[in-house]
Amino acid sequence: MTNQELQTLKNKFDIIGNDPALNRALEIAVAVAPTDITVLVSGESGVGKENIPRIIHQNSPRRRGKYFAVNCGAIPEGTIDSELFGHEKGSFTGANEMRKGYFEEADGGTLFLDEIGELPLSSQAKLLRVLQSGEFIRVGSSKVLKTDVRVIAATNINLLHAVSKGKFREDLYYRLDAVTIKMPALRERPTDINLLFRKFASDFSAKYGMAKISLTEEASILLRKYRWPGNIRQLKNVAEKVSALESERMSVGMDKRTIDVEVLSKYIPREEPEMLPATTSSYHDSPEAANEREAIIRTLLKLKQDVDYLKEVVAKSGMGVSSSGPAIAPPASIESDMEWKNTPSVVDDYDEDPEEQDYEEKMPEDMSIKSASMDLIEKVLRKHGGNRKAAASELGISERTLYRKLKQMN
C-alpha cells in the first residue's frame, strides 16, 4: 500500500498512529480481505483489535453481507452454544421459540469472535466443525444446517500456552491460525502516544466546548515513559479525565490550557511491579518460571515451619539459646523428612499417607516429643488396639514419626 492509501484507510476507520508495526498490521488486513482465509488477531486488551475485522469485512467481497462481533468472554457458558448456533423451541427452560444463532444470521457475511480463548472446550469442538465443513446443529435439534461465514477471531492471551494447558484445542488453534495479525501494544509505539492524547483531548474539547489541552515537553515525556497496561483505552480515559478536570469552558481569550508535568502526574497511575503487563513472549516461558517460583515458595514455607517447630521444642523444654551453649540438633522428624524426600523409602510394609509427605504435624500444647516416652506410646497403642493412625493422632505426631519411634523400640 502507498502512504496515501494507508492514510486514507486510517482516516476511514479513525485509526491514529504511524508506527511501522501498526502499519504492517493494517497492510496484512487489506491483503487477506479478498480471500476467505481465517484470520487470528492477537494483542493485549485495549490495543484496538476490533478494527482489523472491520477493515477485512469492508474490503472483502462480503462487505454487503452482515457483520457481527461477538465477545465470547461476555456470554455465560450455559448459553454460548445457543448464541452461536441457535436453539429450537422448548430445547431448554426459557426457550419459548426457535432462535437463529450468529452463524446462521451471518450467512454470507463475516463473524468476529473476540476473546476466542474464553470459549468452552465443548463449544470449541462445534466451532471447529463449522470452520471445516460449514455445518452446525441448533441446540435441541438433530438437523444439520449449513452456513457460509468468514470467521475472524481475536485473543489477548497466548493460545499456544492455553493449548499446552489443555484449555484450548490444538486442532482449532491451527485452524484459526491460518494468518495471524499482531496489534502492537501502546508502549511499543511511543511516538504515537502524544498523537493519540491530542486526538482524544481535541475530541473531548469539541464535544463539550472545553478549552483544548496541550502538554509541556516534560509532560509529553512523562506520557511516553508510562507503560500503559490498559493501552489505548486507558490513554483515552486519562485524556478525557485531564480535559474534564483541568480544562475550562471556552470563553474570549481562553481556548487552550497548558498542562505541565506536575499536573499530569496526578492522572498517571503509580506503577506497581506486580501490575506491569507481561509481553507476549513471556507466556512461552511462564510454565517453567511458575514452577520454579512455586518450588521456591514451598521451600521457604517449609523452612519457616521447621524454624517455628524448633523454637517451640526449645521453649517447651525450658532450654535457653546462647552463643556459648551446646548446639541443639534439629528434631529427628525434620532430618528424616529431608532424607525421605531425597532418597527411596526403605520401609516396604508401611503405606504412607500422601497428604503427610510435605507436612509435619505440630505437637499440641500439653504434649511434645520429649514427653512422648516409649511407655506412653505403648500405652496409647494398646488403648487403640494397635491402630497406628489413631495412636499418632492422640499423641499429636504424624503416623510416619510414630512408625520411626516404633522401629527404635524394636
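## Two buried residues and helix α9

The side chain of S123 forms a polar contact of 2.5 Å with the side chain of D81; such a contact is a pair of N or O atoms within 3.5 Å, where within protein one must be able to donate a hydrogen and the other to accept it, and residues adjacent in sequence count only if both atoms are side-chain atoms. This is a predicted model, in which local features need pLDDT of at least 70 and side-chain atom pairs count only at pLDDT 80 or more, while totals for chains, interfaces and linings use all residues. Residues are numbered from 1 along each chain as its sequence is written, and side-chain values use heavy atoms, with hydrogens and water left out.

Helices (H or I, at least four residues) and strands (E, at least two) are DSSP runs, numbered from the N terminus. Buried means under 20% relative accessible area, exposed over 50% (1.4 Å probe, protein chains only). Contact means heavy atoms within 4.5 Å.

| Residue | Helix | Relative accessible area |
|---|---|---|
| S123 | α6 (residues 121–133) | 1%, buried |
| Y173 | α8 (residues 170–176) | 10%, buried |

Not counting residues up to four places away in sequence, S123 touches I80 and D81. With the neighbours within four places likewise set aside, Y173 is in contact with L40, L159, L160, V163 and F168.

In helix α9 (residues 193–208), the buried residues include F197, F200 and F204. The buried residues of α9 fall within an arc of 165° seen down the axis, so they line one face of the helix; the arc is that of the directions from the helix axis to the C-beta atoms. They pack against β8 (212–215), α10 (217–225) and α11 (231–246). The face turned away from the buried side carries the exposed residues A206 and K207.
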